Every structure is written in C-alpha cells, then in structure tokens.
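Reader: I have a sequence and a model to look at. Please take me through the fold, the charged pairs and the core.

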Amino acid sequence: GTMNGSYFNSVCRIANLLSNIRERCNLEHVDMKHLDLGDESGIAKDLPLHLNCYGSQFLSPHGTYVVLKRVSFERPSIDNGNNETDVEEPKPLETVYTSLLNDAESLLPGFCPRSQVQKSSTKDRKKRAKEAQERAVMAPMPSTLGSKSTSSTRLKGGKNSSGINAE
C-alpha cells in the first residue's frame, strides 16, 4: 500500500489485531498466518507464532510498524553422502519476509525485512513460544469497559496500505 497511516489497538490478542489489520488494509487475500509486523528497520515481530498473546507484549507503545508478508518453506537438505541411517532428519524451515508497503526501502532508509533471530533452532523457537505463552497467562487482563485504551498501533499506509504505529 501507500505511506498513509492507521492506528490499531495493540492491547488485544494478536489474532484479533492481525484480523483487524487484514480487514482495514484490504489484505483479505493474505492468510493471517502469513501476516506479520516489522519495525522501521524491518525486523519482524513473528506475531503469527503468538496468536493468543497480547500484541502489547511484542509491540512498543507509540512504535511504528510496517506490515510484512511472511512465507516459510523447507530448505533443501544437503546430502553429505552418509547413508548409515534411514531416519530422515526434519528439514529446517526458512522464513522470508516481504514488505506490503510500497517503496518501503525508499520511504524508510535502512529498511530490510528480516527475522529477529536469523538461525535459531526449532528447539529455541519452541522455548521462546512457550515462554511468551507463559507470560501471556501471567499478564493481567486489561479492563476495557468504560476506559480508553492507552496503547494502539498505527499502520503506515492507511486504507490499501501496509505500515503500522503502536501507541
């Protein structure tokens, strides 16, 4: 999309936040598990891995984010010629991020969509996901009845756009 902006409430479940971003930015054609947010340098927040956590656990108040499309695929395994075992090793997943904001690199100098942790093992990712889930369970539930939210996320690009700002 373009370099307009939209505000989003980040004090909600990430599943709800990504669903709202999809709807308001006309990204219904992108599956929610493939949507993510990246900071102004392009570092992805890996939000689809934490759909039941609160967005405020991963997004900074008043921060600006760009909507990213994330695609994971299996890296081809390297045959080292060692055929001693018939047990096949699981193929490592590689995730590629693409900005959904038009001309993000020229609008945001230094912007380069990428993972925060470049080569973490599956065990490390599972451990981080479990820790995030535990934090979500321990986090107090915000009361939204009769009160104004103190945290929102601003999407750079507005309608038909794909950038975000958290407040």
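Reader: Among contacts between residues at least 6 apart in sequence, what percentage join residues at least 24 apart?
Author: This is a predicted model. Contacts here are counted between residues at least 6 apart in the protein chain. The share that joins residues at least 24 apart is 70%.

Reader: Which pattern does the protein chain follow along the sequence?
Author: The secondary structure comes to three helices and six strands. Read along the sequence, these elements give β-α-β-β-β-α-α-β-β.

Reader: What percentage of the 167 residues is buried?
Author: The accessible surface of the chain comes to about 10300 Å². Carbon and sulfur atoms hold 50% of that surface. Of the 167 residues, the buried part is 37%.

Reader: How many salt bridges does the structure hold?
Author: Side chains of opposite charge can pair when their charged atoms come close. Asp36 pairs with Arg70. Asp46 also forms a salt bridge with Arg70. The count for the structure is two.

Reader: How far apart in sequence are the parts that Asp36 and Arg70 tie together?
Author: The two side chains meet at 3.8 Å, N to O. Asp36 lies in strand E2, residues 35-38, and Arg70 lies in strand E3, residues 64-74, so the pair ties together parts of the chain at a separation of 34 residues.

Reader: Is Asp36 buried or exposed?
Author: Buried means under 20% relative accessible area. Asp36 has a relative accessible area of 0%. Its partner Arg70 has 9%, and is buried too. Because 0% is under that cut-off, Asp36 counts as buried.

Reader: Where does Asp46 lie?
Author: Asp46 forms a salt bridge with Arg70, with the closest N and O atoms 3.5 Å apart. Arg70 is in strand E3, 24 residues away from Asp46. Asp46 is in the loop between E2 and E3.

Reader: Which residues do salt bridges with shared partners join into one network?
Author: Arg70 pairs with Asp36. Arg70 also pairs with Asp46, which is buried at 14% relative accessible area. The one network joins Asp36, Asp46 and Arg70.

Reader: How many disulfides does the structure hold?
Author: Take two cysteines. Cys25 is buried, with a relative accessible area of 1%. Cys112 is partly exposed, at 42%. The number of disulfides is zero.

Reader: Within what arc do the buried residues of H1 fall?
Author: Helix H1 spans residues 14-24, and its buried residues are Ile14, Ala15, Leu17, Leu18 and Ile21. An α-helix has 3.6 residues a turn, so residues three or four places apart point the same way. The buried residues of H1 line one face of the helix, because seen down its axis they fall within an arc of 165°.

Reader: Which element gives the most to the largest nonpolar core?
Author: The largest nonpolar core has 17 residues. Those with the most contacts inside this core are Ile21, Leu37 and Leu47. H1, E2 and E3 each supply at least two residues of this core. With four residues, the element that gives the most is H1.

Reader: Which residues does Leu47 touch, not counting those up to four places away in sequence?
Author: Leu47 is among the residues with the most contacts inside the largest core. Its contacts include Asp36, a residue of the salt-bridge pair with Arg70. The full list is Ile14, Leu18, Asp36, Leu37, Phe58 and Leu59.

Reader: How many residues are in the other core?
Author: This core lies apart from the largest one. Its members include Leu68, Tyr97, Ala104 and Leu108. The number of residues is eight.

Reader: What is the phi of His62, which is not a glycine?
Author: His62 sits in the loop between E2 and E3. His62 is exposed, at 56% relative accessibility. Its phi is positive, about 65°.

Reader: Where is Asp103, which has a phi near 55°?
Author: Asp103 has a positive phi without being a glycine. At 54% relative accessibility, Asp103 is exposed. Its place is in the loop between strand E4 (93-99) and helix H2 (104-107).

Reader: Which residue takes a positive phi just after H1?
Author: H1 covers residues 14-24. Just after H1 comes a phi of about 55°. The residue is Asn26.

Conventions. Residues are numbered from 1 along each chain as its sequence is written. This is a predicted model: local features need pLDDT of at least 70, side-chain atom pairs count only at pLDDT 80 or more; totals for chains, interfaces and linings use all residues. Side-chain values use heavy atoms; hydrogens and water are left out. A salt bridge is a side-chain nitrogen of Lys or Arg within 4 Å of a carboxyl oxygen of Asp or Glu. Buried means under 20% relative accessible area, exposed over 50%, partly exposed in between (1.4 Å probe, protein chains only). A disulfide is a pair of cysteine sulfur atoms within 2.5 Å. The arc is that of the directions from the helix axis to the C-beta atoms. Contact means heavy atoms within 4.5 Å. Accessible areas come from the Shrake-Rupley method with a 1.4 Å probe; for residues, only the protein chains shown count as cover. A nonpolar core is a set of buried Ala, Val, Leu, Ile, Met, Phe, Trp, Tyr and Cys residues joined through side-chain atoms within 4.5 Å.
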